[in-house]
Amino acid sequence: DVIIKNKYYWWEEDKSSDFVKDFREIYEKIIAKEVWLISVHAWLECWIINSKLLWRLKTVSIWPNIFWAHTTKERCEIRSVWVICELMEEVLKKSFK
């Protein structure tokens, strides 16, 4: 027998939204490379946050480059943290014009 206490549905991403297009454009400008849009487990947290609020947020999940995650050798690339800070600054500027 299986008892499901909490059920989380898959969050359907919208890669064609203006928010995602703007986000991608800014990110590619900062890193001077093509950005890949993929669905990963981390999006579960985005869905949980959105589902608990009364309004619908524009949500994207980003993270720095992490190597050997969840081990004693886990490392984070400092430059990638800087890139995310720059990205967020530019996205917020555009969002609150």
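This note goes through the core, the salt bridges and a few surface features of a predicted model.

1. The nonpolar core. The largest nonpolar core has 9 residues: Phe19, Val20, Phe23, Ile26, Tyr27, Val35, Val83, Leu87 and Val91. Two elements, α1 and α3, give two or more residues to this core. The biggest contribution comes from α1, with 5 residues. In soluble globular proteins, nonpolar side chains tend to be buried together.

2. Leu87 within that core. Leu87 is one of the residues of the largest nonpolar core. Setting aside neighbours within four places in sequence, Leu87 is in contact with Phe23, Ile26, Tyr27, Ile30 and Ile62. Phe23, Ile26 and Tyr27 are also listed among the core residues.

3. The start of α1. Helix α1 covers residues 18-31, and Ser17 is found in the segment before this helix. The side chain of Ser17 reaches the backbone nitrogen of Val20 at 3.1 Å. Val20 is itself among the residues of the largest nonpolar core. Is Ser17 buried or exposed? With a relative accessible area of 19%, Ser17 is buried, because the cut-off for that class is under 20%.

4. Salt bridges and the α1 to α3 link. The structure holds 5 salt bridges. One of them joins Asp22 and Lys94, whose closest N and O atoms are 3.8 Å apart. Asp22 lies in helix α1 and Lys94 in helix α3 (residues 78-95), so this pair ties together parts that are 72 residues apart in sequence. Asp22 is partly exposed, with a relative accessible area of 28%. Lys94 is partly exposed as well, at 37%. The two helices of this bridge, α1 and α3, are also the elements that give two or more residues to the largest nonpolar core.

5. The network around Arg24. Which residues are linked with Arg24 in a network of salt bridges? They are Glu28 and Glu34. The side chains of Glu28 and Arg24 meet at 3.2 Å, N to O. Both of these residues lie in helix α1, 4 residues apart, which is about one turn of the helix. For the bridge between Glu34 and Arg24, the closest N and O atoms are 3.6 Å apart. This second pair links distant parts of the chain, with Glu34 in the loop between α1 and α2, Arg24 in helix α1, and their positions 10 residues apart.

6. Exposure in the network. Arg24 has a relative accessible area of 26% and is partly exposed. Glu28, at 25% relative accessibility, also counts as partly exposed. Glu34 counts as exposed, because its relative accessibility is 58% and the class begins over 50%.

7. A nonpolar patch on the surface. Ile49, Leu53 and Leu57 form a nonpolar patch on the surface. Together these three residues have about 220 Å² of accessible area. Leu57 sits in the loop between α2 (43-52) and β1 (66-67). At 31% relative accessibility, Leu57 counts as partly exposed. A residue needs over 30% relative accessible area to belong to a patch, so Leu57, at 31%, meets that requirement.

Methods: Residues are numbered from 1 along each chain as its sequence is written. This is a predicted model: local features need pLDDT of at least 70, side-chain atom pairs count only at pLDDT 80 or more; totals for chains, interfaces and linings use all residues. Side-chain values use heavy atoms; hydrogens and water are left out. Patches are made of residues with over 30% relative accessible area and no salt bridge: like charges are joined within 9 Å, nonpolar side chains (Val, Leu, Ile, Met, Phe, Trp, Tyr) within 5 Å. Accessible areas come from the Shrake-Rupley method with a 1.4 Å probe; for residues, only the protein chains shown count as cover. A salt bridge is a side-chain nitrogen of Lys or Arg within 4 Å of a carboxyl oxygen of Asp or Glu. Buried means under 20% relative accessible area, exposed over 50%, partly exposed in between (1.4 Å probe, protein chains only). A polar contact is a pair of N or O atoms within 3.5 Å; within protein, one must be able to donate a hydrogen and the other to accept it, and residues adjacent in sequence count only if both atoms are side-chain atoms. A nonpolar core is a set of buried Ala, Val, Leu, Ile, Met, Phe, Trp, Tyr and Cys residues joined through side-chain atoms within 4.5 Å. Contact means heavy atoms within 4.5 Å.
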